[in-house]
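This briefing is meant for a reader who is meeting the structure for the first time. Please keep the sequence and the model in view while reading the points below.

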Amino acid sequence: MISSGQRKLALLLIFATFLVALLGCPLLGSTSISFSKVFQSWPPLPENRDAQIFFQVRLARNLLAALTGAAMAVAGVIFQAVLRNPLACPFTLGIAGGSSFGAVAAIGLGLTAGFSGISMITLFAFAGALLSIGMVYSLASLIRSFSATTLLLAGVGINYFFSALVLLFYFTADFSQSFAMMHWLMGSLDVVDFASVGGVTIVFTGSFLILFSLSRELNLLSAGEELARVKGVPTVQVILLSVFTASFLTSSVVALTGPIAFVGLIVPHICRLLLGNDHRGLLIGSALGGSTFLMLCDTLCRSLFGTTELPVGVLTALVGVPVLLVLLFKRRTYVQS
Amino acid sequence: MKLGDPMSLFEIQNLSFRYPAHCSFELHPTNLSIEKGELVGLLGPNGGGKSTLLKLMTGLLSPQTGQIHFENRLLKTIPVRDRARKMAYVPQSLHFTFPLSVWEVVEMGRHPHLGRFEPLGMKDKRVCERALDLCDARSFKDRLYDELSGGEKQRVLLASALAQTPQVLLLDEPTLSLDLSHQILLFEIIQKLHREEGLTVVVATHELNLAARYLDRLVLMKAGKILADGPVTKVLTPRTIQVLHGVHVVPVRIAGETPYFIPGKPRKQKKVQTS
């Protein structure tokens with residue numbers, strides 16, 4: 001059992017790490033730049049090479065990494081709480097499958113042209129994600145049950161369905177298309193501009209406020225729908241609102257970056273160990289922790305092999321899994337299946 | 001009291017319920033009224049309909065026919081939040097996928113009283129502390145709920161219910177998995193809550209002797225029907241227990257008015273019917 005003092009300290013440390021990563025990560029990469037030179041003059045002069053790299057190349061990408069990590073981790077916390085399942089993640093309702101299907105379809109059909117600054121792949125991926133949520137919702141309403149188990153099973157089913165369609169497109173694609181598909185499926189933060197960062201910021205802020213306002217309901221729901229109801233929670237409404245807010249948030253991010261694995265599963269668990277399971281602290285901690293984790297992973301991916309980039313989804317899994325296992329072995333009692 | 005009397009707290013009329021699909025249990029049309037300030041036990045064998053009736057009274061289940069009025073309002077028209085301020089339900093057991101501390105579990109009881117962004121105030125904390133005190137659970141408030149013993153868990157669930165500052169307390173087999181000393185402790189707490197805090201209490205239980213000793217009124221239930229309803233001394237007799245449990249019991253009077261019932265050898269049947 002962690003005392004509330006220790007929890008506050010942990011939250012403070014996570015916040016400090018977040019700030020360091022937010023400003024420090026853009027300094028690192030295949031070309032190293034110095035912090036003092038970046039902020040030599042304000043506004044930065046056009047001939048200041050370090051400032052150019054900092055602001056025009058790396059800052060937007062770092063911000064996208066921060067937002068993506070935060071979104072995934074927050075959505076992960078929500079799905080775990082509402083579905084009462086430690087294995088639930090932002091993709092449990094079939095969003096990974098749906099968005100992958102959308103993106104792969106766009107690539108396979110040769111729709112690469114943009115539409116007012118947003119690529120067709122992004123639009124299709126977003127539509128695919130919404131389609132999968134819609135299908136899960138329809139399935140649940142068809143059998144008139146919005147319980148955790150129904151949503152979980154429907155989500156897993158839909159995900160497999162879309163995965164099969166992805167494989168079908170992949171099978172019929174030519175060489176360059178299949179490379180583009182694979183690249184998208186692995187998840188990457190490299191195609192980004194400030195406009196999409198702005199869009200994601202708005203979606204994230206709105207979603208986070210809604211979800212944070214449901215903190216107490218989420219505590220109760222994670223103890224069971226029956227208990228939540230007798231303590232005054234309109235369970236169906238809260239389940240639907242939180243699940244669909246988290247899904248929408250995930251969809252918006254995944255449409256840009258592709259399904260980045262494990263952040264939404266591992267970061268919430270690490271935060272649960274450090275901060276406890278009360279959602280008031282957990283949601284804030286997971287948002288900060290998720291963004292820090294992804295900023296660091298992305299920076300490593302950019303810098304490890306010179307000019308060649310490692311797909312960030314590969315690294316998140318490689319780094320995240322051992323970290324989680326170590327923590328689990330240190331505190332074995334924290335999750336009861 | 002008569003039907004629709006303004007003092008009636010729960011007015012249950014013609015209530016029936018059936019679980020969906022393959023389940024043979026059925027609550028047959030039931031009438032029951034519970035007044036403010038009563039201490040009632042729903043007594044009967046497993047599968048008799050005690051828990052079902054209790055869940056219908058909390059609104060966790062919806063009846064197929066009939067209706068429940070709570071404080072003269074149709075129960076299903078009362079928003080869950082308003083219900084939770086007036087009545088608290090203590091489940092048989094509770095399992096957390098992600099463990100919470102005892103204090104966090106008790107804090108949950110304040111939910112129906114707090115606004116959306118309102119943090120727990122000093123008043124709420126005092127209510128929670130008092131709830132812990134009443135249930136003799138203050139000493140382990142910082143431990144994890146899942147690490148407690150069965151008796152401690154039940155008291156925490158009860159404290160969490162009390163944190164709702166309800167007028168009615170509905171308990172579903174609170175002593176099911178407890179040893180004798182904890183069963184007695186729990187019933188003593190329930191009695192104290194009724195006497196000193198003025199709570200209306202409805203307990204589903206199959207503990208004959210504890211129910212007889214601590215409760216005022218008993219509703220005997222078997223196979224989804226109410227067999228008898230009234231004061232303990234009138235309702236609980238060797239004959240009704242024979243019907244209820246199919247067990248022959250012998251009443252033993254030690255002190256006071258309520259006898260203890262201990263299982264004895266069945267008497268030889270006096271009349272062997274011949275045809």
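What share of the 275 residues in chain B do buried residues make up? Buried residues make up 44% of them, a value that, like the others in this briefing, is computed from a predicted model. The points below begin with chain B as a whole, go on to its two open sheets, and end with the contact between the chains and the nonpolar core.

**Chain B as a whole**

- Chain B contains 9 helices and 12 strands, and its C-alpha trace spans about 75 × 40 × 40 Å along the principal axes.
- The radius of gyration of chain B is 20 Å, which agrees with the value near 19 Å that a compact globule of 275 residues would have.
- When contacts in chain B between residues at least 6 apart in sequence are considered, 64% of them join residues at least 24 apart.

**The sheet of 6 strands in chain B**

- This open sheet follows the order E6-E7-E8-E3-E9-E10 in chain B, and its pairing is mixed.
- Strand E6 (87–90) and strand E10 (225–231) of chain B are the edge strands, each of them pairing on one side only, while neighbouring strands of the sheet are turned against each other by 15° on average, direction ignored.
- Within the sheet, strand E3 (residues 39–43) and strand E8 (residues 200–205) of chain B run parallel and are joined by 5 bridges, and Leu42(B) stands opposite Ala204(B) in E8(B).
- Helix H1 (residues 50–58) of chain B packs on this sheet, where it touches E3, E6, E7, E8 and E9 of chain B, and its direction makes about 145° with that of E7(B).
- Helix H9 (residues 238–245) of chain B also packs on the sheet, touching E9 and E10 of chain B, with its direction at about 155° to that of E10(B).

**The sheet of 4 strands in chain B**

- A further open sheet has the strand order E2-E1-E4-E5 in chain B, with antiparallel pairing, and its edge strands are E2 (26–35) and E5 (73–74) of chain B.
- Strand E1 (residues 8–18) and strand E4 (residues 65–70) of chain B pair in the antiparallel sense over 5 bridges, and Ser16(B) is found opposite Thr65(B) in E4(B).
- Helix H1(B), which packs on the sheet of 6 strands, also lies across E1, E2 and E4 of chain B, running at about 120° to E1(B).

**Where the chains touch**

- In the contact between the chains, 28 residues of chain B meet 25 residues of chain A.
- On the side of chain B that touches chain A, helix H2 (residues 80–86) of chain B gives the most, with 4 residues, and by class this side has 14 nonpolar, 7 polar and 7 charged residues.

**The largest nonpolar core**

- The largest nonpolar core has 175 residues, and those with the most contacts inside it are Val74(A), Val106(B) and Ala159(B).
- Helix H3 (residues 49–83) of chain A supplies the largest share of this core, 17 residues.
- Apart from neighbours within four places in sequence, the contacts of Val74(A) include Phe208(A), Leu211(A) and Leu283(A).
- Val77(A) lies in helix H3 of chain A and counts as buried because it has 31 C-beta neighbours inside 10 Å, where 20 or more are required.
- Again leaving aside neighbours within four places in sequence, Val77(A) is in contact with Pro268(A), Leu282(A), Leu283(A) and Ser286(A).

Technical notes
Residues numbered from 1 in each chain as written. Chains lettered and ligands numbered in written order. Predicted model: local features only at pLDDT ≥ 70, side-chain atom pairs only at ≥ 80, totals over all residues. Core = buried A, V, L, I, M, F, W, Y, C linked by C-beta atoms within 7 Å. Buried ≥ 20, exposed ≤ 12 C-beta atoms within 10 Å, placed from the backbone. Helix = DSSP H or I, 4+ residues; strand = E, 2+ residues; numbered from the N terminus. Contact = placed C-beta atoms within 7 Å. Nonpolar A, V, L, I, M, F, W, Y, C, P; charged D, E, K, R; others polar. Pairing = 2+ DSSP bridges. Axes fitted to C-alpha atoms, helices over the stretch in contact; angles between N-to-C directions. Rg over C-alpha atoms; globule rule 2.2 N^0.38 Å.
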